[in-house]
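Visitor: I am new to this structure, and I would like to understand how its descriptions are arrived at. Could you take me through the reasoning, one term at a time?

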Amino acid sequence: RGHRCWRNQTSYMMLLDDLPTPAFIVDKHAFQQNCKAARAAAAKNGIPRLRPHVKTHKTIEGCIIQAGIHSAGEEESLADVIGFVASTLPELAMVVKLGCQYKRKPFTDVIFGIPICKSKLLEIQSMSHELTSATHGEGCIHVIVDNPQQATFLEEFAQQNTSDENTQRWSVFLKLDTGYHRAGITCEKAGVNLATQIINSTHLVLKGLYTHCGHSYNIQDSGVMKETTNQDHSMILGFLNTLRSHLKSSNSKFDVSSLSISVGSTPSMFSHDNALKIPNIELHPGNYVFYDRQQLWTGACSSEKSIGGFVLSRIIGHYDDEHRNAIMVDAGATALTKESTPQGSMCSVLGRPDLECYRMSQEITMIRCKSEDGVKPFPFQEFPLGSTVLLIPNHSCLAAACFEEYHVVDGGTNSISTESEVVERWCPVKGW
């Protein structure tokens with residue numbers, strides 16, 4: 001197996017059950033349907049633009065499906081895919097490569113989606129030059145800023161790299177905290193001052209505002225989810241109005257209505273609408289391509305049929321005794337991670353709500369029957385030693401990142417099973 005990924009090459013028909021385990025499995029049909037559903041929901045809710053995040057799948061093939069470039073002529077109204085978000089330099093390089101190849105949006109417009117730091121500037125600058133050269137100046141990489149020091153070192157870097165023939169300018173999205181309390185500057189005076197600093201800079205261009213509804217991952221109630229997205233939009237609109245007034249008082253001619261407003265998350269994406277008429281609004285979900293066990297809980301994923309990413313695991317132990325009454329599979333924390341979910345447990349078995357994955361170690365997971373008294377007999381005959389099961393990760397972004405390649409099945413509307421045929425292999429970019 002090693003670490004080499006042979007993209008889209010199979011020398012003979014291989015079923016999932018034939019694969020070495022553990023392995024990461026992609027249901028291509030579910031992936032495609034999830035991408036289409038996200039675009040349709042955004043359009044229906046009055047948000048005409050989608051900027052997908054690539055951090056979940058990290059693949060060229062996934063980007064092309066997210067872009068929807070083969071969906072022209074469909075009757076259903078779909079949001080336009082206008083760009084991408086990437087969280088690592090290899091992800092950014094992957095999208096830039098596609099931008100240089102296709103020379104068109106959405107591949108030529110990408111946000112580096114974590115707060116910028118000095119150590120990444122040279123590499124981002126190099127990629128930016130590559131993209132703008134290939135697209136005759138049409139391509140753009142945007143950086144995230146949420147601290148005045150970031151704006152300062154971006155300016156200093158640009159000054160050092162500016163010549164008589166070329167003035168370097170960084171395109172910036174200002175990240176705001178609208179309730180998640182992770183990254184982002186506050187929407188109050190500090191945020192307005194930072195936005196003004198960027199606007200007044202010779203070497204920075206304020207392109208837009210960026211928020212993340214990360215707190216939606218712990219919300220299951222649709223009413224509460226709607227309140228959360230409404231709060232996000234209200235805080236953004238309030239910030240825009242405050243910034244507009246502040247700039248007017250200082251006689252600035254900057255047009256606040258020109259800013260792109262990038263919002264959302266996977267669990268909240270169906271609850272965002274544009275009732276407040278925020279200009280240039282766009283959604284940036286990422287996990288929606290695979291979904292996972294947590295998104296089944298939040299309701300963003302309506303059923304297991306929409307799950308697009310699984311971990312294939314093989315049964316390596318039967319323990320038919322009063323202390324365990326369980327089976328063991330060969331996928332543990334190094335294949336699934338120990339990411340928790342509100343509903344508990346380590347992962348789940350596709351199509352078997354009667355089972356629970358109750359214990360996990362580095363390379364193995366224990367599975368037993370759900371039972372109030374813990375004594376329900378396990379159906380060992382249904383799970384022979386050496387047979388395989390498909391596990392639904394708690395967090396698909398983290399589980400996928402454990403693997404060097406993905407094995408892709410495409411059974412259309414047929415349900416995925418361990419007898420599904422592998423039709424492609426995708427190679428995710430790795431590293432940071």
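Guide: Let us begin with a pair of residues in two strands: the bridge partner of Val26 in β17 is Val408. Please keep in mind throughout that this is a predicted model.

Visitor: What makes β1 and β17 a pair of strands?

Guide: Two strands pair if there are at least two bridges between them, and four bridges join β1 to β17 (residues 406–409), so the requirement is met, and the two strands run parallel. Strand β1 also pairs with β11 (residues 309–319), over four bridges but in the antiparallel sense, and in β11 the bridge partner of Ala23 is Leu312.

Visitor: Why is strand β1 called mostly covered?

Guide: A residue counts as buried when its relative accessible area is under 20%, and five of the five residues of β1 (residues 23–27) are buried. In a regular strand the side chains alternate between the two faces of the sheet. Here Ala23, Ile25 and Asp27 lie on one side and Phe24 and Val26 on the other, and all of them are buried, so both faces of β1 are described as covered.

Visitor: How do you know that Arg51 and Asp109 form a salt bridge?

Guide: The test asks for a side-chain nitrogen of Lys or Arg within 4 Å of a carboxyl oxygen of Asp or Glu, and between the side chains of Arg51 and Asp109 the distance from N to O is 2.8 Å, so the pair qualifies. This salt bridge links distant parts of the chain, with Arg51 in the loop between β2 (49–50) and α2 (60–67) and Asp109 in strand β5, 58 residues apart. Arg51 and Asp109 also belong to a network of salt bridges that includes Arg49, Lys105 and Glu282.

Visitor: Are Arg51 and Asp109 buried or exposed, and what decides it?

Guide: The limit for buried is under 20%; Arg51 has a relative accessibility of 2% and is therefore buried, and Asp109, with a relative accessible area of 8%, is buried as well.

Visitor: What makes Glu356 and Arg368 a salt bridge, and which class of accessibility does each residue fall into?

Guide: Their side chains meet at 2.7 Å, N to O, which is set against the limit of 4 Å. This pair too links distant parts of the chain, Glu356 in strand β14 (residues 355–360) and Arg368 in strand β15 (residues 365–369), 12 residues apart. Glu356 has a relative accessible area of 19% and is therefore buried, whereas Arg368, at 32%, is partly exposed.

Visitor: Why are Asp321 and Arg324 called partly exposed?

Guide: Partly exposed lies between the limits of 20% and 50%, so Asp321, with a relative accessible area of 25%, belongs there, and so does Arg324 at 39%. The side chains of Asp321 and Arg324 meet in a salt bridge of 2.7 Å, N to O.

Visitor: What can be said about the largest pocket and its lining?

Guide: The largest pocket has a volume of about 780 Å³. Of the 33 residues that line it, the closest to its centre are His53, Lys55, Ser87, Cys397 and Leu398. By class, the lining has 12 nonpolar, 14 polar and seven charged residues, and β5 provides the largest share, three residues.

Notes
Residues are numbered from 1 along each chain as its sequence is written. This is a predicted model: local features need pLDDT of at least 70, side-chain atom pairs count only at pLDDT 80 or more; totals for chains, interfaces and linings use all residues. Side-chain values use heavy atoms; hydrogens and water are left out. On a 1 Å grid over the protein atoms alone, a cavity is a set of points where a 1.4 Å probe fits but cannot get out, and a pocket is an open set with protein on both sides within 12 Å along at least five of seven lines; lining residues have an atom within 4 Å of a point. Grid points are joined across faces, edges and corners, and a volume is the space filled by probe spheres set on the points. Ala, Val, Leu, Ile, Met, Phe, Trp, Tyr, Cys and Pro count as nonpolar, Asp, Glu, Lys and Arg as charged, and the others, Gly among them, as polar. Buried means under 20% relative accessible area, exposed over 50%, partly exposed in between (1.4 Å probe, protein chains only).
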